[in-house]
Amino acid sequence: MAKRLEGAPVAAALNERMARETEALKKRGIVPMLAVLRLGSRPDDLSYETGVKKRCAAVGVQVKNVVLPAGVDSDTFFDTLEKLNEDPAVHGILMFRPLPPHLDGEKARRVLNSAKDVDGCTDASLAGVFTGTNIGFVPCTAQAAMEILDYYGIDCAGKRAVVLGRSLVVGRPVSMLLLHRNATVTTCHTKTASMPSIARTADILIACTGKMESIGAEYLRKGQVVIDVGIGWNEEKGKLCGDVKFEEAEPVAAAVTPVPGGVGTVTTSVLVSHVIEAAKRK
């Protein structure tokens, strides 16, 4: 039976470290602040915002809420974003995406100051991931997967890692992070032939396909570490599920992240840690 790589203790360790760091910053007169830029009131945005605010409060990070109507005009939106870029009291900006269709999302990514891009969505942040330098910040979910590997003492060096997915949010950045840890990495995608057989070669398997319960027994072998990044609501089962069929992975894998309670639990803490790091860099 696989060891469950729970996210809660990972998040708790991060929170403890962040509380110490914010206290040290405050002694220097620096109060880390996150600006949350939200358009409209989508339920998923509100839920995530609530989680972020709770995590910030727990470790001493201030939150500035900036809420615009979903139908805000382009000039007003970009003027608001520029003001947050220029505000010296704001260290990090969380811009909820996707933006409404009438706003240019690509332009927004270009306008957002990479030094405040704590969600890791700008081109500069992604360049930093590929070069292994501190330009911007790593996408939070990709870093959360690595935080779990680190916490549970899973060494990537010399291991075969297979990443199922190539999105800019998770797949490609986590592939780069694994390379930086000296893993041998294969990135699979929708055009990959014989994906299950490639997945079975992995010592570390990262599932980020975005397709709920798409990864079953044919992708798995004994002794793997399986990190399930996906999450979605399964109507038939009436519960949250990941990209991996957990009941098929648990008897086979050496270790596996549960959904819920795995990678997603750590992601918010990573976001807040980026705000603190941005304050330290400044």
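**Close-ups of a predicted model**

**Figure 1. The whole chain, 10 helices and 11 strands.** Before zooming in, here's the overall picture, and keep in mind that this is a predicted model. The radius of gyration of the protein chain comes out at 19 Å, close to the 19 Å that the globule rule gives for 282 residues, so the chain is as compact as a globular protein of that length. Along the principal axes, its C-alpha atoms fill a box of roughly 50 × 45 × 35 Å. Buried residues make up 51% of the 282 in the protein chain. Take the contacts between residues at least 6 apart in sequence, and 71% of them turn out to join residues at least 24 apart.

**Figure 2. Helix α6, residues 140-151, and what it packs against.** This helix is mostly covered, with 10 of its 12 residues buried. The buried set runs through Cys140, Thr141, Ala142, Gln143, Ala144, Ala145, Met146, Glu147, Ile148 and Leu149. Their packing partners are the helices α1 (8-27), α7 and α10, plus the strands β7 (204-207) and β8 (225-228). As for length, 12 residues at 1.5 Å a residue should span 16 Å, and the end C-alpha atoms of α6 are indeed 16 Å apart, so the two agree. After the helix comes glycine 153, with a positive phi near 70 degrees.

**Figure 3. Helix α5 alongside helix α7.** Two packed helices are described by the angle between their axes and the distance between the axes. For α5 (residues 123-131) and α7 (residues 171-180), that's an angle of about 30 degrees, with the axes 8 Å apart. Angles under 35 degrees count as roughly parallel, and α5 and α7 are therefore roughly parallel to each other. On the α5 side, the contact is made by Val129, Phe130 and Thr131, while α7 brings in Arg172, Pro173, Met176, Leu177 and His180. Sorted by class, the contact of α5 with α7 has 5 nonpolar, 2 polar and 1 charged residues.

**Figure 4. Helix α10, residues 263-281, largely enclosed by the rest of the structure.** How many of the 19 residues of α10 are buried? The count is 14, so α10 is largely enclosed by the rest of the structure. We've met α10 already, as one of the elements that the buried residues of α6 pack against. The length check works here too: at 1.5 Å a residue, the 19 residues of α10 should span 27 Å, and its end C-alpha atoms are 26 Å apart, which agrees.

Note on methods:
Residues are numbered from 1 along each chain as its sequence is written. This is a predicted model: local features need pLDDT of at least 70, side-chain atom pairs count only at pLDDT 80 or more; totals for chains, interfaces and linings use all residues. Side-chain values use heavy atoms; hydrogens and water are left out. Axes are lines fitted to C-alpha atoms, for helices over the stretch in contact, and angles run from 0 to 180 degrees between N-to-C directions. Helices (H or I, at least four residues) and strands (E, at least two) are DSSP runs, numbered from the N terminus. Angles under 35 degrees count as roughly parallel, over 145 as roughly antiparallel, 65 to 115 as roughly perpendicular and the rest as oblique. Contact means heavy atoms within 4.5 Å. Ala, Val, Leu, Ile, Met, Phe, Trp, Tyr, Cys and Pro count as nonpolar, Asp, Glu, Lys and Arg as charged, and the others, Gly among them, as polar. The expected span of a helix is 1.5 Å times one less than its number of residues. Buried means under 20% relative accessible area, exposed over 50%, partly exposed in between (1.4 Å probe, protein chains only). The radius of gyration is taken over C-alpha atoms; the globule rule is 2.2 Å times the number of residues to the power 0.38.
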